[in-house]
Amino acid sequence: MIALGARRLGGLSGWHRLVAAFLAGAIAIIAFPPVSIVPALWLSFPVLIWLLDGCASKREAAFTGWAFGFGHFSTSFYWITNAFYVDSEAFGVFAIPAVAGLSAAFSLYTALVCAVTHTILPPSHDDMPDDRILITTLRIILFGATWTIVEWLRGWILTGFPWNPLATVWSETTTPFGLPVLQSVPLIGTYGLSLLTVLAAAAPAVLAHRPRLTRAWIVAAAPLLLLVVLAAGGMLRLALTETRYVPGTKFRLVQASIPQADKGRPSLWEAHLRDHIQLSTENRPTDITHVIWGEAAVHFFLNVDEPHRRIAAEAAPKGGMLITGADRGTRDETGTLQVYNALYALTSRGDVVAEYDKAHLVPFGEYLPLRWLIPFEKLAGGLGDFGAGPGPMTLDLRGLPPFSPQICYEIIFSGAVTARHSEQGRPEWLLNLTNDAWFGLSMGPYQHYAAARLRAVEEGIPIVRVANSGISAVIDGTGRTVAELGLGERGVLDAPLPRPAAAFTPFGFMGNTIPLVLALLAGGGAIRRWRRYVIENIDNPFRGGRYHL
């Protein structure tokens, strides 16, 4: 049955092959949060491998990979359309074309993966069964290695957008093996876990070649067994690692759940500020030491607007602080206003004790990369682009362990959430302020939350996440949820601050060097073994002149 299905898929051509690839890519999104049916990958990736087996050239392989990517990214990015409909009169017409264009551009990455995979030619019916298994295995290894490197490339080309790396499928803690498997990322990073996941998902493609052969079943099962071993090790780590808390520190996280259309109305800004203060102070336990609001909770320039700064400071506990997202405005020598998406730490007297400016800005949302070509304003509104801050830093505030602030999607960048190897030292927790109200009750906020969990486990340090519309949460350094307030809910979350799960993690020290080396070794080894196979068979009369140097 498997062999018959693989032959039929490999025999597809033209638009039939492209439609099949599109559907295979779309199916893969079912494995990601919030659905998290991870076995969907074991259907999606073997289908892609079999479709590639029918490609006669790198060009055909690239088009097939592009179609797979378009199916995957269009279903992965669909939630972005919600941001355009917040002001539907101005931007609604651009929603579908913008997401379709973004998906089409990102599909070039999967096109590259599949073109590189075709460096190792597909197996032929003239090959012996053992040879077909060997060739398919090498193709899968090269495919997985290239997929991993391309995932990393997505994180920095054109400022980067590393949304939904394959390791994200393990970030949903309701799945039995999700959190245990996730315990591998302190060692191999998110991209290292992506490598193992894509290999495990694609490996069953070898079963198309005489599946009764023991060798085929070994190849199909080996990566999955490695994931099982990782899960067992993760279970042991979780059992031995107790969540401990910082004494004398307790947060109130405020989730006001204000609709994005209302947040953009200046006439309501004063009321929104008062609303946050009421949620911060109402029925507040006496042991709350810090109150935290989400990204852009305040629309006034708190660095120069002292009256509103003092009003906001009413939310701070006596002797404690308010940490909030707000705009920051400065003027240069010419009087030109520059606005920043910022974080402030305020005392109960209204003094600013720390500021952080968002460094990684959202293209088209916070700035226009090709402003001279684009006839409309950025989605966030206002004149001009936001300014960018200097990058990751460690803030050391009175009464708190040192922490690294991250605003909005800065948290999705693996290896870039701390000031690594700096004089500021290693932070003991991460603070992520965000406003996912732009994206409604879609998959987007769940996947953003999953990315935050990955960062906590990679670095071995807890994360405190405050989102205007949810999901707000406190997560410890092993990825366990300490407290959570769901998407679309309005309220507060009172929770302690966990201690780091580890004083050091290999990933925390070396970053993405580890998964990149693993991917390069795997891909290079596959190509080297393929070349040796070609040399061994170049004069074999049964190959029909297929191989040449």
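**Exercise 1. Place T159 and L158 in the chain and describe their backbone and exposure.**

T159 lies in the loop between α8 and α9, where helices (H or I, at least four residues) and strands (E, at least two) are DSSP runs numbered from the N terminus. The model is a predicted one, in which local features need pLDDT of at least 70 and side-chain atom pairs count only at pLDDT 80 or more, while totals for chains, interfaces and linings use all residues. Residues are numbered from 1 along each chain as its sequence is written, and side-chain values use heavy atoms, with hydrogens and water left out.

Step 1: the phi of T159 is positive, about 75 degrees, although T159 is not a glycine. Step 2: L158, placed in the loop between α8 and α9 (178-182), has a positive phi of about 55 degrees and is not a glycine either. Most residues other than glycine have a negative phi. Step 3: T159 counts as partly exposed because its relative accessibility is 33%, whereas L158, at 77%, counts as exposed; here buried means under 20% relative accessible area, exposed over 50%, and partly exposed in between (1.4 Å probe, protein chains only).

**Exercise 2. Locate the cis peptide bonds from P33 to P34 and from G470 to I471.**

Step 1: the bond from P33 to P34 is cis with omega near 5 degrees, and P34 sits in the loop between α2 (14-28) and α3 (41-53). Step 2: the bond from G470 to I471 is cis with omega near 10 degrees, and I471 belongs to the loop between β9 (463-467) and β10 (472-475). Most peptide bonds are trans.

**Exercise 3. Characterise the two largest cavities by volume and lining.**

Step 1: the structure holds 3 cavities of 30 Å³ or more. On a 1 Å grid over the protein atoms alone, a cavity is a set of points where a 1.4 Å probe fits but cannot get out, and lining residues have an atom within 4 Å of a point; grid points are joined across faces, edges and corners, and a volume is the space filled by probe spheres set on the points.

Step 2: the largest cavity contains about 80 Å³ of space, and its lining consists of H72, F73, Y109, T110, V113, W147, V150, E151 and R154. The elements giving two or more residues to this lining are α4 (58-77), α7 (95-117) and α8 (129-153). Its residues divide into 5 nonpolar, 2 polar and 2 charged, with Ala, Val, Leu, Ile, Met, Phe, Trp, Tyr, Cys and Pro counted as nonpolar, Asp, Glu, Lys and Arg as charged, and the others, Gly among them, as polar.

Step 3: the second largest cavity has a volume of about 70 Å³, and the residues lining it include P162, W163, I412, H448 and R455. That lining divides into 6 nonpolar, 4 polar and 1 charged.

**Exercise 4. Compare the surroundings of T81 and P506.**

Step 1: T81 is in helix α5 (residues 81-85) and is buried, with a relative accessible area of 16%. Leaving aside neighbours within four places in sequence, T81 is in contact (heavy atoms within 4.5 Å) with A95 and V99.

Step 2: P506 lies in helix α16 (residues 506-510) and counts as partly exposed at 30% relative accessibility. With neighbours within four places in sequence again left aside, P506 is in contact with P186, L187, G511 and I514.

Key:
On a 1 Å grid over the protein atoms alone, a cavity is a set of points where a 1.4 Å probe fits but cannot get out, and a pocket is an open set with protein on both sides within 12 Å along at least five of seven lines; lining residues have an atom within 4 Å of a point.
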